[in-house]
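Dear colleague,

I am passing on a structure that I have been reading through, and I would be glad if you could look at it alongside the notes below. The notes start with the whole chain and then move to particular places in it.

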Amino acid sequence: MAQLVREVMTPAVTAVHPDASLVEAAQLMRAHDIGDVLLSEDGKLVGLVTDRDIVLRAVADGVDPLSVPCHSVCTPEPVTVGPEEPVSAAVTLLRRNAVRRLPVVQDGAPVGMVSIGDLARAQDPDSALADISGAAPDDGPGGAPGRG
């Protein structure tokens with residue numbers, strides 16, 4: 001069983017500059033089949049924007065997603081975990097902060113993401129959540145983002 005975050009995290013990160021438009025972030029989410037994009041400036045994590053942020057903090061208010069920068073709707077300074085932290089620390093952070101994903105950061109730089117689905121697959125591969133998280137994404141209406 002995995003003991004460290006680096007053993008369960010998704011090592012690839014998708015990041016944009018904080019001034020990137022919401023459309024650019026949404027297009028990256030679609031292209032990579034993910035539900036969040038990290039905001040990075042000078043190689044350092046400065047925020048996180050999710051598909052939900054775009055919908056609730058921008059589209060629902062009727063703003064033009066081409067003219068709104070990601071930093072205006074993001075979660076600044078998101079809760080993070082280090083790659084050498086125990087998996088139990090990630091579980092505690094997810095639970096305590098009521099979030100589904102954590103950026104994995106080393107020396108301020110994003111190096112991966114860990115999600116509830118990643119942890120379910122690592123800790124209890126026979127669970128319903130692990131099964132759902134491991135399923136191929138659906139490109140049709142209602143399809144879920146690919147990263148847990």
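Let me begin with a residue that is easy to find, Asp42, which is exposed, with a relative accessible area of 78%. Please keep in mind throughout that this is a predicted model. Asp42 sits in the loop between β2 and β3, and its phi is positive, at about 55°, although the residue is not a glycine.

**The chain as a whole**

The protein has 6 helices and 6 strands, and, read along the sequence, these follow the pattern α-β-α-β-β-α-β-α-β-β-α-α. Of the 148 residues in the protein, 39% are buried. If one takes the contacts with a separation of 6 or more, 58% of them are accounted for by residues 24 or more positions apart.

**The sheet of four strands**

Four of the strands form an open sheet in the order β1-β2-β3-β4, and the pairing within this sheet is mixed. Because β1 (15-16) and β4 (75-76) stand at the edges and have a single partner strand each, one side of each is left without a neighbour in the sheet. As general background, the strands of a sheet pair through backbone hydrogen bonds, either parallel or antiparallel.

Both senses can be followed here from β2. On one hand, β1 and β2 pair in the parallel sense over 2 bridges, with Ala15 standing opposite Leu38 in β2. On the other hand, strand β2 (residues 36-41) pairs with strand β3 (residues 44-50) in the antiparallel sense over 6 bridges, and in β3 the bridge partner of Leu38 is Leu48. Leu38 is therefore a convenient residue from which to trace the sheet, since it has Ala15 opposite it and Leu48 as its bridge partner in β3, while the strands pair only where at least two bridges are found between them.

How much of β2 is buried? The strand is mostly covered, with 5 of its 6 residues buried. Helix α2 (residues 22-32) lies across β1, β2 and β3, and runs at about 125° to β2.

**Two buried serines**

Ser40 is found in strand β2, and at 17% relative accessibility it counts as buried, because the cut-off for that class is under 20%. Leaving aside its neighbours within four places in sequence, Ser40 is in contact with Ala15, Val16, His17, Pro18 and Val46. Ser40 can also be set beside Pro110, for the two are 70 residues apart in sequence and 8.0 Å apart in space, taken from C-alpha to C-alpha.

Ser21, by contrast, lies in a loop, the one between β1 and α2, and at 15% relative accessibility this residue counts as buried. With neighbours within four places in sequence again left aside, the contacts of Ser21 are Pro65, Leu66, Val68, Pro69 and Cys70.

**The hairpin of β5 and β6**

Further along the chain, β5 and β6 run antiparallel and are joined by 6 bridges, with Pro103 standing opposite Met113 in β6. β6 is mostly covered, as 5 of its 7 residues are buried.

What is the phi of Asp107 in this hairpin? The hairpin has 2 residues between its strands, and Asp107 takes a positive phi near 55° there, although Asp107 is not a glycine. Asp107 belongs to the loop between β5 (101-106) and β6 (109-115), and at 69% relative accessibility it counts as exposed.

**Two helices in contact**

The last place to visit is where helix α4 (residues 87-97) meets helix α5 (residues 116-123): their axes come within 11 Å and cross at roughly 140°. The two helices are therefore oblique to each other, and their crossing is left-handed. On the side of α4 the contact is made by Val87, Ala90, Val91 and Leu94, and on the side of α5 by Ile116, Leu119 and Gln123. Sorted by class, this contact has 6 nonpolar residues, 1 polar residue and no charged residues.

With best wishes

Notes. Residues are numbered from 1 along each chain as its sequence is written. This is a predicted model: local features need pLDDT of at least 70, side-chain atom pairs count only at pLDDT 80 or more; totals for chains, interfaces and linings use all residues. Side-chain values use heavy atoms; hydrogens and water are left out. Contact means heavy atoms within 4.5 Å. Axes are lines fitted to C-alpha atoms, for helices over the stretch in contact, and angles run from 0 to 180 degrees between N-to-C directions. Buried means under 20% relative accessible area, exposed over 50%, partly exposed in between (1.4 Å probe, protein chains only). Angles under 35 degrees count as roughly parallel, over 145 as roughly antiparallel, 65 to 115 as roughly perpendicular and the rest as oblique. A crossing is left-handed if the near helix is turned anticlockwise from the far one by less than a right angle, and right-handed if clockwise. Ala, Val, Leu, Ile, Met, Phe, Trp, Tyr, Cys and Pro count as nonpolar, Asp, Glu, Lys and Arg as charged, and the others, Gly among them, as polar.
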